[in-house]
Amino acid sequence: MPDGTPALIERVGCGLHAIRENRTETVLEAQGDRERAARLTPDGHLVCVGQYGGVSVRRIGDATYARKVGTGPGATPSLGGPAAISEDGRYAAWVDRDEGDVVRMIVADTQEEEIVSVPGTSFIGRIRDDGALVVIDVDAGTTVGELRLPITRAPSAVAPWQATGITGVAATGELLTATPENTVSRWAMNEAAWLDLACRSAARDLTAEEWRQVTDYDLPADLRCRR
């Protein structure tokens, strides 16, 4: 809109634009292929039904993919089936036709959160649409940090959040991520592992100030390095 209010322009890959002083500015970069339906919700989310099926929910404030529900990448594109999203963005429905020419209606509840917990810890991880893995301490209500994921060569119709798998491992207290190229990364989610890595990098005991600058997290009980 002319006053800068975001204006939804469909068929752009779940992107969002605003018109300010006769200029079109991008609010959310488009991701993937065209969407079949899209809606702005009162609570500041952009909900899209993709051409390949499935629903994505993006927060307008920080461009994070809050949720994803549905068939995901690799599905056969719909042959022009209609789609609709409820006014509050809670439910989405679309008509699909499979390879056997069978027509079906799919209804999805978008309140299914796309976050992964690390069993035995208070940490959860979520992949942002710019390829960053955000780690959150749910007990403290704070963001611990952001981890840069390996670059993926996923098809252009697939956004990074779809192309990268993520899971928590109870046995090791780690987050694991895997790309379509079979690159697996391990992310330690405990203070002992963080301290060990920092000690190997510094080759000496750490100071309290160094710990705070690097981790922005509470001090461990003992900052001395193992010899």
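This report describes the salt bridges, one helix, several paired strands and a nonpolar surface patch in a predicted model.

**Salt bridges**

A search of the whole structure finds 3 salt bridges, and the table gives the side chains that meet in each, together with the N to O distance.

| Acidic side chain | Basic side chain | N to O distance |
|---|---|---|
| Glu-174 | Arg-186 | 3.1 Å |
| Asp-196 | Arg-200 | 3.2 Å |
| Asp-222 | Arg-224 | 2.8 Å |

Side chains of opposite charge can pair when their charged atoms come close. In the salt bridge between Glu-174 and Arg-186, Glu-174 belongs to strand E16 (residues 174-178) and Arg-186 to strand E17 (residues 184-188), so the contact ties together parts that are 12 residues apart in sequence. Glu-174 has a relative accessibility of 11% and therefore counts as buried, the limit being under 20%, whereas Arg-186, at 59%, counts as exposed, the limit here being over 50%.

The salt bridge between Asp-196 and Arg-200 lies within helix H2 (residues 191-202), where the two residues are 4 residues apart and thus separated by about one helical turn. Asp-196 is partly exposed, with a relative accessible area of 28%, while Arg-200 is exposed, with a value of 58%. For the salt bridge of Asp-222 with Arg-224, the acidic residue Asp-222 is partly exposed at 35% relative accessible area, and its partner Arg-224 is exposed at 59%.

**Helix H2**

The geometry of H2 can be checked against its length: at 1.5 Å a residue its 12 residues should span 16 Å, and the end C-alpha atoms are 16 Å apart, which agrees. Within this helix, Trp-194, Leu-195 and Cys-199 are buried; seen down the axis of H2, the buried residues fall within an arc of 130°, so they line one face of the helix. The face turned away from that buried side carries the exposed residues Arg-200 and Ser-201, and Arg-200 is the residue whose side chain meets that of Asp-196 in a salt bridge.

**Paired strands**

Strand E5 (residues 45-50) pairs with E6 in the antiparallel sense over 5 bridges, and in this pairing Leu-46 stands opposite Arg-58 of E6. The two strands form a hairpin with 4 residues between them, and Gly-53, which lies in the turn, has a positive phi of about 90°. Of the 5 residues of strand E6 (residues 55-59), 4 are buried, so this strand is largely enclosed by the rest of the structure.

Elsewhere in the chain, an open sheet of 4 strands has the order E11-E12-E13-E14, with antiparallel pairing. Strand E11 (116-117) and strand E14 (142-148) stand at its edges and each have a single partner strand, so that one side of each is left without a neighbour in the sheet. Strand E12 (residues 123-127) and strand E13 (residues 132-137) pair in the antiparallel sense over 5 bridges, with Ile-127 standing opposite Leu-133 in E13. In a regular strand the side chains alternate between the two faces of the sheet.

**Nonpolar surface patch**

Tyr-91, Met-105 and Val-107 make a nonpolar surface patch of about 340 Å². Of these residues, Tyr-91 has its place in strand E9 (residues 91-97) and is partly exposed, with a relative accessible area of 41%.

Technical notes: Residues numbered from 1 in each chain as written. Predicted model: local features only at pLDDT ≥ 70, side-chain atom pairs only at ≥ 80, totals over all residues. Heavy atoms only, no water. Salt bridge = Lys/Arg side-chain N within 4 Å of Asp/Glu carboxyl O. Buried < 20%, exposed > 50% of the residue type's maximum accessible area, 1.4 Å probe, protein only. Pairing = 2+ DSSP bridges. Patch = residues over 30% accessible without salt bridge, like charges linked within 9 Å, V, L, I, M, F, W, Y side chains within 5 Å. Areas by Shrake-Rupley, 256 points an atom, 1.4 Å probe, with all protein chains shown as cover. Expected span 1.5 Å × (residues − 1). Arc of directions from axis to C-beta.
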